[in-house]
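Let's take a walk through a protein chain together, starting with a small piece and working outwards. Keep the picture open beside you as you read.

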Amino acid sequence: MNPLSRRTLVRTALLGGASAALTALTAGTGPAARAAAPFVPVLPAPTGPHPVGVVRHTFTDRDRADPWDPALGARQVVVSAVYPARTVAGLPRAPQLTPAEAPVFGTLAPLVRGLPAAGVDWAGTLTHAHAGAPPLPGRRPVVLYTPGGGDARTLGSGLAEELASHGAVVVLVDHPGEASQVELPDGSVRETVLFGPPDPATFRTMVDTRVADLRLVLDRFGELPLGTGPDPRRTGIYGHSAGGTAAALLAARDPRIRAVADLEGYLDLEPWPGHRPLLLMATDGFEGAERIARSWAGLRARRRTLRAANHWVFTDHAAVVPQLHAAGLVTDAVRDGLVGPGDAAAAFAAVRRELRAFFGGALGGTCR
């Protein structure tokens, strides 16, 4: 099995989007081939009063071998910390993907998501965070983010920047070896090593690895060059899909997590203890909706279901996919399978509002 077909199976298995992925594979990429010039997707601007800064950092856990490839030695975890900035004057906006990551994503995109095989400048998409901006003074709540299975942390840029613009420090955590692509400190790009639909033991390894990665970030948060602004006593976490599962497991095990938001992730690996504020958000289009409903049944939580939406509306695909569809670069079926047939921008705005309100109430500060 070649690496690209292997990643297709990974995406299908881990994110539960089997039918969407198969539809994408059979839909063809003809519209992309007809594009006259590379299209540059645009991410939505944050709505808060503060400009946003970002720093990139790598944590190395010398007490833990990499679970996916022990030959690599110590586990490395790559993060981006997004935060309210004092000023961004003269500082560039950071790209969503690095120049090394973008071509890897572009190669994988048509196979695992049905995104265009050509005609899109993935390296040209900019975030609204400015690299190395000085942090805004003041004590801030801290929120961790863990992405969906097979996704890189960069696909959560829009939600993180929204929270940061309203006063929170958000740390987006990548999980190398599982994520589609992650640039490491030496400039190499690590791609996923998983293949085939994961058996229960493999899925368990994935989730437990994420929990260990997140704990590493919590243990050594002070290494991030953010000054004294972040307040670790007010720490929350949110995650999408498999990330939602991992976020809940971390919150159940680690008292440092004060609140958890699960964006359409199954909660049936372990019982939820019910001693943390919990936000549960789902879509009406996700093909795993029945399992979601079963695993969330009876839980005491704040809940919201997005109508005419689908699984990846919780990510930056909520902005990008409708743009590609309007440009004739993806089909109706691809759009519907990723973000749903409804107004994805409105759904994404609702996710932003829910997260701001939830973490603002649970952690205090200015997330609202």
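Before we start, one bit of vocabulary: a strand here is a DSSP run of type E with at least two residues, and strands are numbered from the N terminus. With that in hand, find Q181, which sits in strand β7 (residues 181-183). Bear in mind as you look that the whole model is predicted.

Is Q181 buried or exposed? Buried means under 20% relative accessible area. Q181 comes in at 2% relative accessibility, so it counts as buried. Who is around it, then? If you skip the neighbours within four places in sequence, Q181 is in contact with L97, E101, V104, F105, L108, A152, V189 and R190. There's also a link right next door: the side chains of Q181 and S180 are joined by a polar contact of 2.8 Å.

Now zoom out. The chain has 11 helices and 12 strands, and of its 368 residues, 57% are buried. Take the contacts between residues at least 6 apart in sequence: 76% of them join residues at least 24 apart.

Next, the sheet. Ten strands make up an open sheet with mixed pairing, and their order is β3-β4-β1-β2-β6-β5-β9-β10-β11-β12. Why do β3 (93-95) and β12 (302-306) each have one side without a neighbour in the sheet? They stand at the edges, each with a single partner strand, so there is nothing from the sheet on that other side. On average, neighbouring strands of this sheet are turned by 30° against each other, direction ignored. As a general point, strands of a sheet pair through backbone hydrogen bonds, either parallel or antiparallel.

Let's pick out β5 (140-146). Seven of its seven residues are buried. On one hand, β5 pairs with β9 in the parallel sense over six bridges. Two of the matches are easy to look up: V142 has T235 as its bridge partner in β9, and V143 stands opposite G236 in that strand. On the other hand, four bridges join β5 to β6 (residues 169-173), and these two also run parallel. Here V142 turns up again, standing opposite V169 in β6.

How do you get from β5 to β6? Together with helix α5 (residues 157-165), the two strands make a right-handed β-α-β unit. Nine of the nine residues in α5 are buried, including S157, L159, E161 and E162. Just after α5, look for G167, which takes a positive phi of about 115°.

Two more helices are worth a stop. Helix α11 (residues 344-363) packs on the sheet, where it touches β5, β9, β10, β11 (278-283) and β12. The direction of α11 makes about 165° with that of β10.

The other is helix α7 (residues 242-253), with 12 residues. From its first C-alpha to its last, α7 reaches 17 Å, close to the 16 Å expected at 1.5 Å a residue. This helix is mostly covered, with 10 of its 12 residues buried. Among those buried residues are A242, G243, T245, L249 and L250. What do they pack against? The buried residues of α7 pack against β5, α6 (200-219), β9 (230-240) and β10 (257-263). That brings us back to β5, the strand that pairs with β9 and β6.

Methods. Residues numbered from 1 in each chain as written. Predicted model: local features only at pLDDT ≥ 70, side-chain atom pairs only at ≥ 80, totals over all residues. Heavy atoms only, no water. Expected span 1.5 Å × (residues − 1). Buried < 20%, exposed > 50% of the residue type's maximum accessible area, 1.4 Å probe, protein only. Contact = heavy atoms within 4.5 Å. Pairing = 2+ DSSP bridges. Axes fitted to C-alpha atoms, helices over the stretch in contact; angles between N-to-C directions. Right-handed = clockwise from strand over helix to strand, strands pointing away. Polar contact = N/O pair within 3.5 Å; in protein donor to acceptor, adjacent residues only side chain to side chain.
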